[in-house]
Amino acid sequence: MSQAHNAVAAPSPLKQWWLKWRFHLNILLLLIPLGFMPKYFADVKMFRGEAGLGATPIDNIQVGPWQVSLAELLDEAPRQNGPAGYFKSFNLALCQACIGEVKAAYLRIGKPRSLRAAGTIFFGTPYRMGTSLPVPPRTRGDAELWITLEGWDGSMHQAAVPLAKASPATLAWLDKQGGKP
């Protein structure tokens, strides 16, 4: 009788390496996402409003008889939204006493000529309203954000906040864009 010849070929070096390190690589694949979790949870707190209005809040801005707080949502440069251009998100909170008196709130770069050109409207609850403000790349560094509040009685009140104070990240972005001084 002939003896069957069972020759087992030695595994390739790549297969040997994989068999030896696969467990460690799988552990690494589980640990990498854990490194990003703190930023994720901080962003979730910010968007829910649990971490305040935003990155750089400015409290007690007097707009006519009312007071508001304004903050950029995230401390980052404006983001491009397709062909519409660059936008920056801001949040606004009305004072407790003026919640029933304010009909609408608007935000704009530069002084509005009328209520029809008041800027982007804030939406949401009076304690945390949000808007996306268009930011032209050629905005001057000394520009001002104008807050316009419209009352239920038809009154209109405005206040200006320097862009440098409201959003330092936008000012840095404008400097990179080559905006006029």
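**Figure 1. Surroundings of Phe-87 in strand β4 of the predicted model****.** Phe-87 counts as partly exposed, because its relative accessibility is 22% and this class lies between buried (under 20% relative accessible area) and exposed (over 50%), with a 1.4 Å probe and protein chains only. The residue belongs to strand β4; strands are DSSP runs of E with at least two residues, helices are runs of H or I with at least four residues, and both are numbered from the N terminus. Apart from residues up to four places away in sequence, Phe-87 touches Pro-78, Arg-79, Asn-81, Ser-132, Leu-133 and Pro-134, where contact means heavy atoms within 4.5 Å. Between Phe-87 and Ala-10 the C-alpha distance is 61 Å, at a sequence separation of 77 residues. The model is predicted: local features need pLDDT of at least 70, side-chain atom pairs count only at pLDDT 80 or more, and totals for chains, interfaces and linings use all residues. Residues are numbered from 1 along each chain as its sequence is written, and side-chain values use heavy atoms, with hydrogens and water left out.

**Figure 2. Surroundings of Ala-93 in strand β4****.** Strand β4 covers residues 86-94 and includes Ala-93. Ala-93 is buried because its relative accessible area is 13%. Neighbours within four places in sequence aside, its contacts are Leu-53, Gln-67, Val-68, Ser-69, Pro-126 and Tyr-127. Ala-172 is 79 residues from Ala-93 in sequence, and the two C-alpha atoms are 25 Å apart.

**Figure 3. The largest nonpolar core and Leu-145****.** A nonpolar core is a set of buried Ala, Val, Leu, Ile, Met, Phe, Trp, Tyr and Cys residues joined through side-chain atoms within 4.5 Å. The largest one has 28 residues, of which Ile-61, Leu-70, Leu-92, Leu-145, Ile-147 and Leu-149 touch the most other members. Strand β5 (residues 102-109) gives the most to this core, with four residues. Beyond its neighbours within four places in sequence, Leu-145 has contacts that include Leu-70, Phe-90, Leu-107, Leu-133, Val-161 and Leu-163.

**Figure 4. Backbone of Asn-60 in strand β1****.** Asn-60 lies in strand β1, residues 58-63. Its phi is near 55 degrees, a positive value in a residue other than glycine. Most residues other than glycine have a negative phi. Asn-60 counts as exposed because its relative accessibility is 56%.

**Figure 5. Helix α3 and its cover****.** Within helix α3 (residues 168-177), the residues Ala-169, Thr-170, Leu-171, Trp-173 and Leu-174 are buried. Among the elements that cover these buried residues are β2 (66-72), β4 and α2 (163-166). Gly-178, just after α3, takes a positive phi of about 85 degrees.

**Figure 6. Whole-chain context for the close-up views****.** The protein contains three helices and ten strands, in the order α-β-β-β-β-β-β-β-β-β-β-α-α along the sequence. Its radius of gyration is 27 Å, well over the 16 Å that the globule rule gives for 181 residues, so the protein is more spread out than a compact globule; the radius is taken over C-alpha atoms, and the rule is 2.2 Å times the number of residues to the power 0.38. The C-alpha atoms fill a box of roughly 110 × 40 × 25 Å along the principal axes. Buried residues make up 32% of the 181 residues. Of the contacts between residues at least 6 apart in sequence, 60% join residues at least 24 apart.
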